Each structure stands twice: as C-alpha cells, then as structure tokens.
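Here are my notes on the empty spaces in this structure and on the ligand. Have the model open beside you as you read.

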Amino acid sequence: MKNMNEIVLTGDRPTGRLHLGHFVGSIQNRIKLQNESSKSFYMVADIQGLTDNANNPQKVRDNVIEVALDNLACGVDPKKTIMFIQSEVPEIAELTVIFLNLVTLARLKRNPTVKNEIKQKGFNEDVPAGFLCYPISQAADILFCKSSLIPVGEDQLPVIEQVNEIVDTFNRYYGKVFNKVKHLVGDTPRLIGIDGNSKMGKSLNNGIYLSDSLKEITQKVMSMYTDPKHIHVEDPGNVEGNVVFSYLDIFDSNKKEIAELKEKYKKGGLGDVVIKKRLINVLEEIISPIRTKRLELEKNPELVMKILEDGTKKARIVAKETMAEVRKAIRINYF
Ligand code: ATP
Ligand code: MG
C-alpha cells in the first residue's frame with residue numbers, strides 16, 4: 001500500500017460539533033489512512049480553538065468531547081489512531097515558540113486562509129496574535145510527531161505550504177531534523193454551506209451536523225437555496241448554483257438518476273420538494289449510523305476521556321523525543 005511509510009496527523013478545533021464538510025473533507029481520509037499508514041494521530045486542537053475564543057474557554061472545553069465523539073462515531077479507531085488533546089502535550093507549545101522565530105510578520109499577514117478568516121471574524125487590526133500565528137502552531141502540531149501526510153480540507157492548503165517553509169528554514173539554520181509534509185485533500189475539497197456560502201464551517205452556522213436528527217436535517221434541507229426563479233413546478237430551473245443539486249452531486253451515489261433529474265429540472269416539470277426529499281433520504285442514510293453510534297458512545301463519556309488520556313500519554317513520549325532532538329540541533333540542551 002502506497003501510504004505504508006507515512007505518519008498521519010489530523011485534527012479538529014473543538015469549537016463545535018462536526019458537520020458533513022468535515023466528513024467529506026478529512027474524516028473519510030482519516031479512517032482510510034488509519035489502516036494504511038505506519039502511524040496515525042488525531043488531535044483535538046483546544047489551544048488553536050482558544051485563538052479566537054480566548055474569552056470563552058468553556059465553549060472549547062465543552063466541545064473537546066463533542067469532536068472526539070464525532071470522530072469515534074465515524075469510525076476513527078483508538079486502537080489504530082493515537083487520539084490526544086493538544087494542550088496536554090506542552091512540547092507542542094515549546095516547539096511553537098521556537099518556530100515563531102522562523103516566520104516573519106509580513107508572511108503571516110499574507111497567508112490567504114488566515115487573511116480570509118480574519119475578515120470573516122471581523123478582527124481587522126485587532127486580530128489576536130495567537131490567531132495570526134496559528135499556522136506556526138499548526139506546524140508544531142504536525143512536526144512534533146514527524147508526521148508526513150496531512151488529510152485536510154482545501155481551506156488548509158496555504159497553511160500546509162507555510163509549514164513546509166518552516167521545515168526548510170529550520171533545517172537550514174540548525175541542520176536537518178524535519179522532512180517536508182504532504183497534504184491529502186478529500187474527494188470533496190470544500191463543501192459549501194447550506195446557505196450557499198463557499199464553505200460549510202462550524203463557526204459560520206451553516207452546517208448539517210453529523211449528530212443532527214432527521215427532523216433537523218429535514219428543516220435544513222427544506223430551507224436550502226434552489227433557484228429563486230423556479231416558482232412553479234413547470235418553470236424551467238437552474239441547476240448551477242443550486243445548493244440542493246450541489247449536495248446531490250456529492251452525496252447521491254446514483255449519478256445516472258441525478259443526471260436525469262437535472263435534465264428534467266432544467267426543462268421544467270420537477271418541483272423543489274421532490275429533489276429536497278431525495279436529498280433528505282440520502283443524507284439520512286449517511287448520518288443515521290453515525291448518529292446511532294454517537295448516542296451509544298455518549299452514554300459513556302468517561303470512556304471517551306480515557307481514550308484521549310491514553311492517547312495523550314503516547315503522543316507525549318513521541319513529543320519528548322522530538323524536542324530532545326530539536327534542543328540538540330539548536331544547542332539549547334544544557335544539562
Ligand atoms: P471553524 O469554523 O471553527 O474554523 P471548521 O468547520 O473550519 O471550524 P476545523 O476544525 O477548523 O473546522 O477544520 C477541521 C478540518 O476539517 C480541516 O482539515 C478543514 O479543512 C476541514 N473542513 C472544515 N470545513 C470543511 C468543508 N466545508 N469542506 C471540506 N473540509 C472542511
Ligand atoms: Mg477552520
């Protein structure tokens with residue numbers, strides 16, 4: 001198998017429950033790679049969650065278990081994946097401080113992902129320094145365990161690029177310690193939001209969550225944007241920019257029937273309710289087994305926390321080894 005030598009690391013910010021964007025963007029690859037790589041890590045990025053929620057630590061705290069539950073319910077297996085909490089591996093913070101010297105302020109401000117998120121969150125010049133620097137802390141997340149393959153959504157690609165610049169600069173200054181990393185984007189690099197926004201995001205309030213009930217899925221799909229000119233069933237409709245069809249393209253495996261439905265919709269004679277009902281069924285089929293497993297796991301939160309505790313112990317062993325190497329390379333190993 002082609003990834004057998006790779007070390008995989010992925011993670012989520014505990015800023016809310018996970019949605020379909022996570023599922024197609026990275027969780028599916030996490031599950032695949034835990035069987036096909038030499039080692040895999042999954043991190044709950046609570047420190048990164050705090051970068052734009054410093055005044056709301058309870059939100060981050062509450063969501064640690066939520067994102068862990070979502071991943072476990074989808075099939076991330078703690079026997080195969082080391083699941084850990086970022087803040088409990090202080091070596092990551094130590095490595096972040098070292099990497100801070102390798103990146104300029106101008107470069108941080110140029111990162112298109114961060115730039116866009118700063119705009120979206122309305123920070124402008126008042127952006128918390130920790131938020132602006134999150135690509136640096138992400139480099140530490142990725143490199144503390146010498147990971148080589150990173151399953152991410154498309155929005156994270158500029159961050160991975162910045163990580164590789166840090167690898168280059170570190171190795172140039174201190175001698176070779178790290179290797180460059182590769183990204184792996186899912187089949188759907190960026191799932192749009194139910195509001196038609198270019199990205200479904202936890203902080204954007206436009207998601208269908210992996211824990212949503214059938215009732216919630218129904219309400220969300222029924223509220224989806226189709227074509228405002230498609231008022232009567234017999235009116236010809238637009239499939240481009242039609243959120244319902246965008247989702248059917250991704251989630252409905254019967255491509256032939258979808259192509260036929262599109263033709264019919266374009267000609268006129270197909271109502272929005274028909275395509276919306278179809279989408280509800282398709283999404284329910286994907287989400288219902290995840291929801292069932294999640295409800296089962298929710299009964300035993302201690303077990304979930306124990307999984308994270310055990311994983312964190314393992315991650316720390318690796319982190320200490322890397323930090324010893326880093327300290328030696330920089331000649332800050334005194335005693
Ligand atoms: P927030 O809005 O708080 O940043 P988020 O929804 O972007 O939350 P993250 O925890 O930041 O979620 O991202 C976790 C992983 O999921 C990242 O690899 C990210 O690229 C991927 N991801 C998030 N949203 C999508 C999406 N809509 N489509 C594809 N991948 C996504
Ligand atoms: Mg994000």
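**Notes on the cavity, the pockets and ligand 1**

1. Let me start with the cavity lining, where E2 is the biggest contributor, giving three residues. Strand E1 (7–12) and strand E2 (39–44) each provide at least two of the lining residues. Helices (H or I, at least four residues) and strands (E, at least two) are DSSP runs, numbered from the N terminus.

2. A word on the ground rules. This is a predicted model, in which local features need pLDDT of at least 70 and side-chain atom pairs count only at pLDDT 80 or more, while totals for chains, interfaces and linings use all residues. Residues are numbered from 1 along each chain as its sequence is written, chains are lettered from A and ligands numbered from 1 in the order in which they are written, and side-chain values use heavy atoms, with hydrogens and water left out.

3. How many cavities of 30 Å³ or more does a search of the whole structure find? The search finds one, and its volume is about 50 Å³. On a 1 Å grid over the protein atoms alone, a cavity is a set of points where a 1.4 Å probe fits but cannot get out, and a pocket is an open set with protein on both sides within 12 Å along at least five of seven lines; lining residues have an atom within 4 Å of a point. Grid points are joined across faces, edges and corners, and a volume is the space filled by probe spheres set on the points.

4. The cavity is lined by Val 8, Thr 10, Arg 30, Ser 40, Phe 41, Tyr 42, Val 76 and Thr 81. By class, that lining has four nonpolar, three polar and one charged residues. Here Ala, Val, Leu, Ile, Met, Phe, Trp, Tyr, Cys and Pro count as nonpolar, Asp, Glu, Lys and Arg as charged, and the others, Gly among them, as polar.

5. Now for the largest pocket, with a volume of about 900 Å³. It has 44 lining residues, and Arg 13, Glu 117, Asp 155, Gln 156 and Lys 199 are the closest to its centre. Two or more lining residues come from each of E1, H1, helix H6 (112–120), helix H8 (134–143) and strand E4 (149–152). The lining divides into 14 nonpolar, 19 polar and 11 charged residues.

6. Where does ligand 1 sit? Ligand 1 is in the largest pocket (more than half of its atoms lie within 2 Å of the pocket's grid points). The elements giving two or more residues to its shell are E1 and helix H1 (20–34), and H1 gives the most, with four.

7. Around ligand 1 there are 21 residues (a heavy atom within 4 Å), the closest being His 22, Asp 155, Lys 199, Lys 202 and Ser 203. By class, this shell has four nonpolar, 11 polar and six charged residues.

8. Three atom pairs are worth finding on screen. An oxygen atom of ligand 1 is 2.5 Å from an N or O atom in the Asp 155 side chain. An oxygen atom of ligand 1 also lies 2.6 Å from a polar side-chain atom of Lys 199. At Leu 191, a polar backbone atom is 2.9 Å from a nitrogen atom of ligand 1.

9. Finally, the second largest pocket holds about 250 Å³ of space. H4 supplies the largest share of its lining, six residues. By class, the lining has 10 nonpolar, six polar and no charged residues.

Key:
Polar contact = N/O pair within 3.5 Å; in protein donor to acceptor, adjacent residues only side chain to side chain.
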